[in-house]
Amino acid sequence: MASEADKPEAEGAEGGGAEVTKKFLYVNRKAPYGTIYALESLEVVLIGAAFEQDVSLAFLDDGVYQLTKNQDTKGIGVKNFSPTYKALGDYEVTKLYVEKESLAERGLTEADLMEITYEDEDDDWAEKPSIRVVSREEMAEIMAEQDVILSF
Amino acid sequence: MKFGIVVNEGPYTHQASDSAYQFTKAALEKGHEVFRVFFYHDGVNNGTRLTVPPQDERHIQRNWSSLAEEHNLDLVVCIAAAQRRGILDADEAKRQGKDTDNIAPGFRISGLGQLIEAGIQCDRLVIFGD
């Protein structure tokens, strides 16, 4: 997905700020299909991973549908990009917060979500779940801790 | 304060671009720095010079271009989002074999890294969208 101009080496990394680490939260609020927000949010996450910031993703409202299992887009002629979420661990994006109330309001549980894992380099590369279901209250605390919030 | 501005919707359908413009203008008038304005999703459509709104309406693209000229603002259109939606500069038009470019004065096309960089560099990143 990345084009030449997206590489941090090729642009923008100058200016002396590249070594700053900030807490980035990408807030995903919309269903995966119907609008392009979910796909283009994921593109920012993948490019942003190259900047070695402290990255978290939040899924709330219809955004929780982005992580559901067995997505099948054949009928609408749109690419099914859900496998990309499973690759996020390889980009060191390992914190995917899902709001419990948003799941419940849509009749979903954690069992309806894809299994997304990462290998923990600080724990002998043990495979651990990336998805963390949190309450609305906890989500507010997570948001309050961030330096930069990108809302999609 | 150093601001980064993100515009996620196109002109006219949504208020987002107008609000971002008013915010940016007000911030500059108050003496703040605006490090960059980044256009993403349909926001890239703010950067075509081919819009021709009725004469008694505001000209959103021209507003941005004028503000950029006046304050030396960095208006960046995301290349991936722009290519999907037909926003091209001269180099890109040539590379893609198109007969024209349509990028408006004061805008430039670059990568998503410019958005992340704005997040890192700025005191506040302010998002205007739906």
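In this predicted model, strand S3 of chain A, covering residues 96–99, is joined to S6(A) by four bridges, and the two strands run parallel. One facing pair can be picked out here: A:Leu96 sits opposite A:Ile131, a residue of S6(A).

That pairing belongs to a wider arrangement. Five strands of chain A line up in the order S6-S3-S2-S1-S7 to make an open sheet, and the pairing within this sheet is parallel. At its edges are strand S6 (131–134) and strand S7 (148–151) of chain A, each of which pairs on one side only. Going from one strand to the next, the twist averages 25°.

Helix H4 of chain A, made up of residues 136–144, ties in with this sheet. Helix H4 lies across strand S1 (23–28), strand S2 (54–59), S3, S6 and S7 of chain A. Against S3(A), helix H4 runs at about 140°.

Stepping back to the whole chain, chain A has seven strands and four helices. Followed along the sequence, these elements come in the pattern β-α-β-α-β-α-β-β-β-α-β. Chain A has 152 residues, and 31% of them are buried. As for how the chain folds back on itself, take the contacts in chain A between residues at least 6 apart in sequence: 77% of these join residues at least 24 apart.

Conventions: Residues are numbered from 1 along each chain as its sequence is written. Chains are lettered from A and ligands numbered from 1 in the order in which they are written. This is a predicted model: local features need pLDDT of at least 70, side-chain atom pairs count only at pLDDT 80 or more; totals for chains, interfaces and linings use all residues. A residue is buried if 20 or more other C-beta atoms lie within 10 Å of its own, exposed if 12 or fewer, and partly exposed in between; C-beta atoms are placed from the backbone. Two residues are in contact if their C-beta atoms, placed from the backbone, lie within 7 Å. Two strands pair if DSSP finds at least two bridges between them. Axes are lines fitted to C-alpha atoms, for helices over the stretch in contact, and angles run from 0 to 180 degrees between N-to-C directions.
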